[in-house]
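This report looks at how a sheet is put together and how a pair of helices meet.

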Amino acid sequence: RPTQMSVGLLEVVERRKAWRSGKGKDRNKMLAEHVAPGVIGPKGWFYVVDHHHLIRALHEEGAPGVFVQILADYSKLDANEFWVNLDHHKWVHPYDEDGRRADFSEIPKHIADLKDDPYRSLAGAARRTGGFAKDLTPYSEFLWATFFRMRIEKDDLLHNFEDAVEQAIALAHSAAAAHLPGWCGRKD
C-alpha cells in the first residue's frame, strides 16, 4: 500500500523503460539496489514509504515483486495512531495531485490508484538534467514540485514539457530556490 497520493506518471514511464531494457541479471540487480522501505500497518498490510514510482512501474510491467525492508511494525496500532506515527517519522506524504494537503483516509489503498502529478514529473526531469541534486530529505522532489507549481503555469507544463523543464532548471538555480533540498546554487 502507498503512503502518498500521487506520482509523476512520466517518472513511472522512465522506470518502466529501464525495466524493459534490462535482462534477468540486470533486473535482479535493479531490484537489489532499490529495496522498498516500509512499515507493517494495521491488519498486517505492508505500506511502502519510498520508491513509489519504481513500484508502480514494476506493477504495470507485471514484475514478480520487490525486496522490502521493514522499518517498523505498527500492526497493533489503530488506523489513526498508525498515520500519526507515519507522519511523525515523515513516512507519509498526504498531498493530492494538485499539491493540496488531504486527509490520510484519502491515500489510495493500492499503488495502481496513485494519481498523476505532472509537477512531480517536472521535478524529476529537472533533477535529472542538472537543476538540483538528489537529496535524502523525504519527499524532496515533491517539495520541488510545489515550488514549480507556484511558478510555472499548468497549461505551459502540459502543452510544452521541454520548455517547462528549461524554465524549471532556471528556477532551480535561482535564489528563490535556495531553501530547497539539493539546491546547487545560482547560475548567472
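In the hairpin of β2 and β3, where five residues lie between the strands, K43 takes a positive phi near 65°. The model is a predicted one, in which local features need pLDDT of at least 70 and side-chain atom pairs count only at pLDDT 80 or more, while totals for chains, interfaces and linings use all residues. Residues are numbered from 1 along each chain as its sequence is written, and side-chain values use heavy atoms, with hydrogens and water left out.

Helices (H or I, at least four residues) and strands (E, at least two) are DSSP runs numbered from the N terminus, and two strands pair if DSSP finds at least two bridges between them. The order β3-β2-β4 describes an open sheet of three strands with mixed pairing, whose edge strands, β3 (46-48) and β4 (68-73), each pair on one side only. The two pairings are set out below.

| Strands | Sense | Bridges | A bridge pair or opposite residues |
|---|---|---|---|
| β2 and β4 | parallel | five | V39 and A72 |
| β2 and β3 | antiparallel | three | G38 and V48 |

Because four of the five residues of β2 are buried (under 20% relative accessible area, with a 1.4 Å probe and protein chains only), this strand is largely enclosed by the rest of the structure.

Elsewhere, W144, F147 and F148 in helix α6 meet A168, L171 and A172 in helix α8, where contact means heavy atoms within 4.5 Å.

Notes. Buried means under 20% relative accessible area, exposed over 50%, partly exposed in between (1.4 Å probe, protein chains only).
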